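Hi everyone, thanks for making room for me today. I'd like to walk you through a model, starting with how two helices pack. Let me put it up on the screen.

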Amino acid sequence: MNTGGFIQIDQELCTGCRHCAGNCPVQAISGETKNPQSVSADRCVACGQCVQICTAFDSIFDERWGRRTERLHEREMPQSVMEPLFAAHDCNFLPEIKAALIERNLRTVVHCDASVIGPLAEEFGLRTGSIKPGQVVAALRKLGFHRVYSNTFSVGIAILEQAREIAERVRKGGNLPVINSSCPAAVRFIEQSFPELIHFLSGCRSPRQIAGSLTKAYLAQQFKTDPAYLFNVSLASCTAHKLEATRSELRVGEHRDIDAVLTGRELAWMLKHEGFEPSLLEESEFDQELPPIDELRKVFCHIGDVAQAVLETTGELLGVDQAAIECSAADGGGACFPKVRIGDQEYGAASASGLQNAAPFLEAVRKGESPFHYLELMACPQGCVSGGGQPKVLLPERRNPIYATRAKLKALAPAKPGARLSTNAAIRHLYDDFFGKAWGDKSNHVLQTRYVERSFEVQPVQASSS
Amino acid sequence: MAIPPEVAGELNARLTPRLFVVSASEVTAPVMCRHCEDAPCANVCKMSAISRADGKVLVNTERCVGCHLCLMACPFGAIEFAPLSPDASPIYPMAAKSSGEKNKTTMYRANKCDLCNDRANGPACIANCPETALVLVNAVAATRRRRNEAALDLLAEQNAVWV
């Protein structure tokens, strides 16, 4: 039986090939070969890679008595969806989003991940990246969202906060390396598998959650409205973000900061259901209350970029001129190692994509042998472009070439490296005018979070029922 | 040649599989068309919609009228009938034009393995089977390989006796 997590395996459809189990970084999928598998909700980090690789689907030839209609209904998917329904699937927030969009009293806000935009075109049979960001904005407005933001602004804040934390911990002799807290699946993985390392995690919320808390704290004030009347949707490439959004501590007021998560695939279902073709729409601009930082679009789409940005910003904060920072990235097996020379000290980072590749770095931290200042860990095999909520590649042989195309998109590449976050006018404005001071009570309340040690021993649901 | 869909969302019609995985307690195997030389499905087709060319038995969907005779003739159960409309919804039959029939029905056409006739690199099932359990058998090469194996076995047997 499935146990109510965000990732489910359909017991009727699963053939028990166990490819998902072999790919699961946390051994959350159990079952006999040739028998339906099930996901343990306690172990699952909701990275959604099983959803991406599952090949068992509802055959049109086995359909009897409208089972497909029923199944679409059970999964809360629009009836217009034409794609096969695979055994491994993620739960969605579509009913909540639809209800919010037609509710008059609610102001709907959507924050758009840069990594969703390029691959969205694939869902419409177009070349990757041929739908422009402005057209996605237009499509979201057409669906009825009142405000559409790019979450690159929040990415900028997350990077700045993490860079500050490195500088602070270096100065005070705190726990090093600082572990990136931007990937919700990686955070959950650390809480479960390396609970003693949660003090190494950056205290900063993930960029998507920062977008959420800024909406409920900052935008609500700007709009002069009660946060309860703001419905906050996060358009993400990620299924783990769904699990993250429901964490009880991620709220600035009484209600959750992120009310609903929408993945790129689900957005495509919504658009097709309404008959909107985003590639034909006239471009529209992101709203400017949280102004997009275009240089950061590429971050999270390419392994090592977050670490580079964080280290560069650390340099800025330590008062080193941009020219003195040397950024070199060496690619190794599943990981790369950006370095920055600040003054006479070298700051190193390790970036690993895929939780299996991340584990050795965490093991080194546990033993106290990690030579790095920063660890960037991403749960999905190629960063956010291969996220659980991205368009699902049908043939295994095409998976890596398509992920590579997505990561190399020109639209995602920065015009020039170095976003100069510490001097960014919009971020300064937020800190100076709204928070009053950086790392004060108010900014901590909105931008920082805490972590929970989770061990497996409490979980066996099946054992307690037998 | 049309580019085949790459991602699930790109499919604008229901997927109609051409091989069928049979799973029983002792065996799991896909069953598909054997591309018979004297194909019973082609022999039985009244519309000459099934023909064999270049080692492939192919259905001409334009000619097929959905009589299901081939389905009954096939000894392997390799033929299924797939809906003509992309979402399996009922449509007006062609006969409606002359007979004035007003009722929509879901119409079906013969659907079977064509060894990925449109695909440059041969059958997609072979390229993508994670267990590499599928091979395309070339009769000449297969016979030659069998003979070589038999000869080697013979040699091994002799050595075993004489040493």
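So, two helices of chain A to begin with: H7(A) and H9(A) are roughly perpendicular to each other, a label for angles of 65 to 115 degrees, where under 35 is roughly parallel, over 145 roughly antiparallel and the rest oblique. The angle between H7(A) and H9(A), residues 207-223, is about 110°, and their axes are 8 Å apart. For those of you who like the recipe, axes are lines fitted to C-alpha atoms, for helices over the stretch in contact, and angles run from 0 to 180 degrees between N-to-C directions. Helices here are DSSP runs of H or I with at least four residues, strands are runs of E with at least two, and both are numbered from the N terminus.

Before I go on, the housekeeping. This is a predicted model, so local features need pLDDT of at least 70 and side-chain atom pairs count only at pLDDT 80 or more, while totals for chains, interfaces and linings use all residues. Residues are numbered from 1 along each chain as its sequence is written, and chains are lettered from A and ligands numbered from 1 in the order in which they are written.

Back to the helix pair. Which residues meet there? From H7(A) we have Ser154(A), Val155(A), Ile157(A) and Ala158(A), and they meet Pro207(A), Ile210(A), Ala211(A) and Leu214(A) of H9(A). Contact here means C-beta atoms, placed from the backbone, within 7 Å. By class, the H7(A)–H9(A) contact has 7 nonpolar residues, 1 polar and no charged. Nonpolar covers Ala, Val, Leu, Ile, Met, Phe, Trp, Tyr, Cys and Pro; charged is Asp, Glu, Lys and Arg; the others, Gly among them, are polar.

That leads to the cores. In soluble globular proteins, nonpolar side chains tend to be buried together. In this model the largest nonpolar core has 132 residues, and Val45(A), Ala46(A), Ala88(A), Ala185(A), Ala186(A), Tyr374(A) and Ala379(A) have the most contacts inside it. Its largest share, 9 residues, comes from H7(A), residues 152-172. A core is a set of buried Ala, Val, Leu, Ile, Met, Phe, Trp, Tyr and Cys residues joined through C-beta atoms within 7 Å. Buried means 20 or more other C-beta atoms within 10 Å of a residue's own, exposed means 12 or fewer, and partly exposed is in between.

Take Ala186(A): leaving aside neighbours within four places in sequence, it is in contact with Leu355(A), Ala358(A), Leu377(A), Met378(A) and Ala379(A). A second, separate core of 15 residues includes Met32(B), Val57(B), Cys74(B) and Ile79(B).

Ala46(A) has a backbone story too. Its phi is positive, about 60°, although it is not a glycine, and it lies in the loop between strand S3 (38-39) and helix H2 (49-53) of chain A. Ala46(A) counts as buried because it has 27 C-beta neighbours inside 10 Å. Compare Cys116(B), in the loop between strand S6 (108-111) and H4 of chain B: phi is positive there as well, about 50°, but Cys116(B) is partly exposed, with 17 other C-beta atoms within 10 Å. And one for the omega fans: Leu176(A) and Pro177(A) are joined by a cis peptide bond, omega about 0°.

Next, H11(A), residues 264-274. With 8 of its 11 residues buried, H11(A) is largely enclosed by the rest of the structure. The cover for those buried residues includes helices H4 (94-102), H5 (114-123) and H6 (133-143) and strands S8 (230-236) and S9 (260-263) of chain A. Just after H11(A), Gly275(A) takes a positive phi of about 75°.

Finally, chain B. It has 5 helices and 6 strands, and 16% of its 163 residues count as buried. What is its radius of gyration? Chain B has 21 Å, where a compact globule of 163 residues would be near 15 Å; that is over C-alpha atoms, with the globule rule being 2.2 Å times the number of residues to the power 0.38. Its C-alpha atoms fill a box of roughly 85 × 40 × 40 Å along the principal axes.

The contact between the chains takes 23 residues from chain B and 23 from chain A. On the chain B side, H4(B) gives the most, with 3 residues, and the whole side divides into 12 nonpolar, 6 polar and 5 charged.

That's my tour; thanks for listening!

Methods:
Two residues are in contact if their C-beta atoms, placed from the backbone, lie within 7 Å.
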